[in-house]
Structure formats: structure tokens, C-alpha cells
Amino acid sequence: ENGKNKMKVFAFLLAGLLIVAVYGQNDAQTETESEIEEVLESMKKEATVQDGKASFAQARLDMYMHKLSSLLNGLLKCHKHPGHCKTCPKPRPTPRPRPVRRKRWKNIGGTAYDITVSARGKMAVIGSGHRLYVGGPSPNWRRFNIRAKRLSMRRDGTLFLTGFRGEIWRYSQNKLHRLPGAAWDIAVGPRNHLWVIGTNPEAGGYGIYRWYRGWRKVPGSAYDIAVDPRGHPWVCNKQRHIWRHINGGRWARVPGACIDVGIGPAGDVWVVGTNLHVYRWMGRNWKDFGGRMRRIAVGPRGPVALGHNWRSINWYHQSFICYTKQSLIFSKKK
């Protein structure tokens with residue numbers, strides 16, 4: 001019995017070596033496949049006990065031989081018919097990489113010193129000669145014989161402007177009406193809340209005022225202002241700090257620094273950082289949108305800008321960013 005078991009183990013090792021040798025010979029695979037199967041069958045017959053009762057070792061040997069035979073058969077077929085073998089599963093196709101859409105600033109034509117957009121998407125700029133232009137993009141600008149320094153637009157298209165001497169104007173239905181007081185910057189929110197930066201110098205720039213049956217002084221000072229849908233202003237002061245007005249008449253400091261701020265009708269806050277990049281407030285931090293801008297105003301479909309070379313207005317998803325000096329208009333689309 002010991003001698004027979006040794007012979008069976010030797011036969012098992014011989015079968016394994018034979019399988020490796022056959023698999024390594026690619027040129028003779030078709031001829032040797034049938035021979036290997038015959039050898040395996042003869043080895044099974046020799047390992048069978050004459051009295052018909054298979055021992056535990058012989059049963060395990062039959063199981064191993066069956067697995068080796070199936071593996072060898074599958075390997076030969078896969079190598080002979082790559083990609084079309086019925087025994088092995090077909091390989092999965094390599095997924096194609098999805099195209100990446102790069103967002104770029106697009107020039108929409110024109111020159112400007114300041115820009116605004118209403119909650120309904122209507123645009124106006126202070127263009128060449130500091131004249132008022134409404135409409136856009138180029139060549140759809142409509143010129144008005146009105147000179148101004150800063151401007152902001154209400155939802156219904158009414159324009160509020162500041163002059164070179166600080167005078168405040170309201171332009172509606174082709175009529176120009178002067179409001180009391182003087183202002184450096186002006187902003188009207190999506191729900192018609194009107195705020196201005198006055199002309200009286202203070203520590204952080206100039207005094208802040210809101211319109212409620214006349215101008216009312218609000219504690220604090222700033223250099224630039226924008227108003228959110230709730231009527232609360234966001235400002236940046238002379239030190240480039242960002243502040244927002246909250247309930248109770250208090251100011252809360254927002255991290256970061258900027259040179260201009262703009263707010264859309266949905267409440268999305270955008271700023272131009274001190275490095276001239278455009279950033280959006282995400283609730284806890286700022287997300288960088290690139291570019292090299294100076295001033296910004298946001299529309300209902302997103303942020304437009306005046307280029308860093310002072311010669312361009314750029315558009316990024318229809319929100320507006322522009323420079324304080326004469327520039328061309330650009331827009332950034334998907």
C-alpha cells in the first residue's frame with residue numbers, strides 16, 4: 001500500500017509538471033491538448049482501487065485531478081480564442097475617460113468703468129466717457145447721455161447712480177431725479193433695499209447709510225457695499241476686511257479680504273480678493289474661481305468682469321465682475 005501511495009503522489013506531480021510544460025509551449029497547444037486529456041484519464045484509472053472501494057486519499061486525488069483538467073482546458077481555450085472563450089467570462093471593456101469641460105472667461109465686448117445687473121438679468125455699465133449704457137452684450141448696448149461714477153439697478157430696471165461730486169440720482173422711465181445726500185458707492189438689493197457709502201471720512205472708509213423715509217446713519221464705515229435678499233449689506237472697508245450686517249444692527253466679521261463684493265438675487269455672495277481672483281462664499285470658506293478682476297456684480301444666472309489689463313469685460317455664468325478703470329467685458333460659460 002505504501003508503494004502504491006508513493007506512485008500516486010509521483011503521478012500527481014508528474015501531471016502538474018506536464019501541465020506547466022504544455023501551457024508554456026504556445027505553438028503546440030492544439031496538438032497536446034488531446035494528449036494531456038488521455039494521460040489524465042489513464043492516471044485516474046491507475047489510481048482506482050481494484051476492489052472498487054476508493055480510499056480517502058484516492059478521492060482527494062480524483063478531485064485535484066478534475067480541477068487541474070478543468071483549469072488546463074480553460075487556459076488552452078482562452079489562449080486559443082482570446083475574448084471569445086465560452087468557459088471564461090468576457091473581459092470588461094475599459095471605460096472611456098469623461099471629457100472635462102474647462103471654464104474660461106469669454107469676452108462679450110465693450111468697455112466699462114463699472115457694471116451692474118438686476119435681479120431679472122438686465123445689465124448696465126458706465127462705459128467710455130463715463131456715459132451710461134444699458135442692455136448688452138455688445139453690440140446691443142444702448143447709450144444714454146448721463147455721466148456717472150457708480151451705479152446699481154433695482155429689480156424693475158430702475159437705476160441708482162452716483163456722480164463725480166457725490167450726488168445721488170435715480171433714473172426711471174427716461175427721467176432723472178436727484179435724491180438728497182451724497183454718496184461714494186450705492187447698492188440696491190433684490191427686494192429694493194437701498195444702501196449707500198457716504199462721503200464723510202471715517203476709520204474704515206466712509207459712513208454707511210440706509211434709505212428709510214430718508215437717509216439714516218448705520219454704525220460702521222466701509223469702502224464698498226452690496227445688499228443681500230434680506231436687506232442686509234456686506235461691505236469691505238479700507239483695511240480690505242469683509243463684514244456683514246446681521247439682525248440686531250450688529251456687524252459680523254467674515255474671514256478673508258477683498259476689494260469688491262457682489263451679491264446675487266439668490267443670496268450667493270461673490271468677492272474680488274486682494275490677489276484679483278474671484279471667490280464665492282460657501283458658508284464657511286471661500287471657493288476660488290480664478291480670473292484677475294477688480295469689481296463684481298452678480299446676476300440671476302451666476303457671476304461678469306473687467307479684465308486685469310483694464311481693457312475687457314468678462315462673463316462667468318452670467319455673473320458680472322468689472323474693474324474700476326476702463327476695461328472690456330468678459331463672460332465665463334460652461
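**Figure 1. The lining of the largest cavity mixes 18 nonpolar, six polar and six charged residues.** This close-up comes from a predicted model, and it starts inside the protein. The lining is made up of 30 residues, and those nearest the centre of the cavity are Thr116, Ser152, Val188, Ile263 and Ala297. Several strands share the work here: β2 (114-117), β6 (150-153), β10 (185-188), β14 (224-227), β17 and β21 (295-297) each give two or more residues to the lining. The space they surround comes to about 320 Å³.

**Figure 2. Asp260 sits in strand β17, which spans residues 250-263.** Here we move to a single side chain. Asp260 is buried, because its relative accessible area is 0%, and the cut-off for buried is under 20%. Its neighbours, leaving aside residues up to four places away in sequence, are Asp224, Cys236, Trp270, Val271, Val272, Arg294, Arg295 and Ile296.

**Figure 3. Asp260 has polar partners in Arg295 and Ile296.** With Arg295, the link runs from side chain to side chain, as a polar contact of 3.4 Å. With Ile296, look instead to the backbone: its nitrogen lies 2.4 Å from a polar atom of the Asp260 side chain. Both Arg295 and Ile296 also appear among the residues that Asp260 touches.

**Figure 4. Stepping back, the whole chain holds three helices and 25 strands.** Of its 334 residues, 44% are buried, Asp260 being one of the buried residues. The accessible surface adds up to about 19,600 Å², with 51% of that area belonging to carbon and sulfur atoms.

Conventions: Residues numbered from 1 in each chain as written. Predicted model: local features only at pLDDT ≥ 70, side-chain atom pairs only at ≥ 80, totals over all residues. Heavy atoms only, no water. Helix = DSSP H or I, 4+ residues; strand = E, 2+ residues; numbered from the N terminus. Buried < 20%, exposed > 50% of the residue type's maximum accessible area, 1.4 Å probe, protein only. Polar contact = N/O pair within 3.5 Å; in protein donor to acceptor, adjacent residues only side chain to side chain. Contact = heavy atoms within 4.5 Å. Areas by Shrake-Rupley, 256 points an atom, 1.4 Å probe, with all protein chains shown as cover. 1 Å grid on protein atoms, 1.4 Å probe; cavity = no way out; pocket = protein on both sides within 12 Å on 5 of 7 lines; lining within 4 Å. Points joined across faces, edges and corners; volume = space filled by probe spheres on them. Nonpolar A, V, L, I, M, F, W, Y, C, P; charged D, E, K, R; others polar.
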